[in-house]
Amino acid sequence: MHLLIVEDDRAAADYLRQGLTEAGHVVDVALDGESGLMLALEGKHDVLIVDRMLPRRDGLTLIRMLRAGGSTTPVLVLSALGQVDQRVEGLRAGGDDYLVKPYAFSELLARVEALGRRAHPADPSAPNVLRVADLEYDLERRRVTRGGRLIRLQPRELRLLEYLMRRAGRVVTRTMLLEQVWDLSFDPQTNVVESQISRLRAKIDRDFERPLLHTVRGIGYRLGDEA
């Protein structure tokens, strides 16, 4: 998912960004309520994580303004204020969930992903397993196998593989991957795509007779059974 954290404690924001990124999500961060509101109004995020006490505009005011403007993006409120009336106030302001500090990251992640599922229920007609030749990706279990052999991938590698598998047989460019897998609308002049492709290729093609991940010289990459 594409997440927005609005948190003025830079260390806490960095901790959340790192954990959520490692879990496979794309994360934006705002360090005050005003900039958080501006980012949230763009409407590109799946879930917002909003601290209650913020400079330049407090979290509950931010949420009320979003709801008044018609935004339905799910919001998880974070706060050290944990009395029943304080939690009720947060929910009545338009929050969808309320988590009291200090919290376990695993619980925050579970709540964020639950909000995402609630807002974007799975399409019952969509396949649960993606297949390209003998390569399979079970989306529900986040499990990849090739020829029945388990392949262990990191969250970013899973995201990259899913994007390629959903476009099997078609060429995807470096720019497409930067925008859709890394959520970058500009070229950062790094070899992040090339290095991640190399690692993914080593895992899904090494020790197998037929390569599936092909480089299309000067254009991009293609996942498929034939070169």
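**Exercise 1.** Which residues does Leu177 touch, not counting residues up to four places away in sequence?

*Solution.* The structure is a predicted model. Begin with the contacts of the residue itself: Leu177 touches Leu160, Tyr163, Leu164, Val172, Trp182, Val193, Ile197 and Tyr221. Next, place Leu177 in its wider setting. The largest nonpolar core has 27 residues, and Leu177 is one of those that touch the most other members, together with Leu135, Leu161, Leu164 and Leu223. Finally, identify the elements behind this core. At least two core residues each come from β6 (129-132), β7 (135-138), α6 (155-166), α7 (174-180), α8 (192-205) and β12 (220-223). Helix α6 supplies the largest share, six residues.

**Exercise 2.** Determine whether Ile197 is buried or exposed, and describe its surroundings.

*Solution.* First, locate the residue: Ile197 belongs to helix α8. Second, apply the cut-off, by which a residue is buried under 20% relative accessible area. Ile197 has a relative accessible area of 1% and is therefore buried. Third, list the contacts. Leaving aside residues up to four places away in sequence, Ile197 touches Leu160, Leu164, Leu177, Leu213 and Tyr221. As a last step, consider a pair of C-alpha atoms: those of Ile197 and Leu212 are 12 Å apart, with the two positions 15 residues apart along the chain.

**Exercise 3.** Establish the strand order of the open sheet of five strands, and state which strands stand at its edges.

*Solution.* The order is β2-β1-β3-β4-β5, and the pairing is parallel. Strands β2 (26-30) and β5 (97-100) each have a single partner strand, so one side of each lacks a neighbour in the sheet. Neighbouring strands are turned by 20 degrees against each other on average, direction ignored.

Individual pairs can then be examined. Strands β1 and β2 pair in the parallel sense over five bridges, and Leu4 stands opposite Asp28 in β2. From β1 the chain passes through helix α1 (residues 10-22) to β2, a β-α-β crossover that is right-handed. At the other edge, four bridges join β4 (residues 75-79) to β5, where Asp97 is the bridge partner of Leu76.

Two further points complete the description. Although β2 is an edge strand, four of its five residues are buried, so β2 is largely enclosed by the rest of the structure. Helix α3 (residues 59-68) lies across β1 (2-6), β3 (47-51) and β4, and runs at about 165 degrees to β4.

**Exercise 4.** Describe the packing of helices α1 and α5.

*Solution.* Two packed helices are described by the angle between their axes and the distance between the axes. Here the axes of α1 and α5 (residues 105-119) come within 11 Å and cross at roughly 65 degrees. The crossing is right-handed. On the α1 side, the contact is made by Tyr15, Leu16, Gly19 and Leu20, and on the α5 side by Phe105, Leu108 and Leu109.

**Exercise 5.** Characterise the backbone at Pro102, Arg56 and Ala133.

*Solution.* Consider the peptide bond first: Lys101 and Pro102 are joined in cis, with omega about -10 degrees. Pro102 is in the loop between β5 and α5.

Turn next to phi. Arg56 is not a glycine, yet its phi is positive, at about 70 degrees. Arg56 occupies the loop between β3 and α3 and is exposed, with a relative accessible area of 60%. Ala133, also not a glycine, has a positive phi of about 55 degrees. Ala133 is in the loop between β6 and β7, and at 45% relative accessibility it counts as partly exposed.

Technical notes. Residues are numbered from 1 along each chain as its sequence is written. This is a predicted model: local features need pLDDT of at least 70, side-chain atom pairs count only at pLDDT 80 or more; totals for chains, interfaces and linings use all residues. Side-chain values use heavy atoms; hydrogens and water are left out. A nonpolar core is a set of buried Ala, Val, Leu, Ile, Met, Phe, Trp, Tyr and Cys residues joined through side-chain atoms within 4.5 Å. Buried means under 20% relative accessible area, exposed over 50%, partly exposed in between (1.4 Å probe, protein chains only). Contact means heavy atoms within 4.5 Å. Two strands pair if DSSP finds at least two bridges between them. Axes are lines fitted to C-alpha atoms, for helices over the stretch in contact, and angles run from 0 to 180 degrees between N-to-C directions. A crossover is right-handed if, with the strands pointing away from the viewer, the path from the first strand over the helix to the second runs clockwise. A crossing is left-handed if the near helix is turned anticlockwise from the far one by less than a right angle, and right-handed if clockwise.
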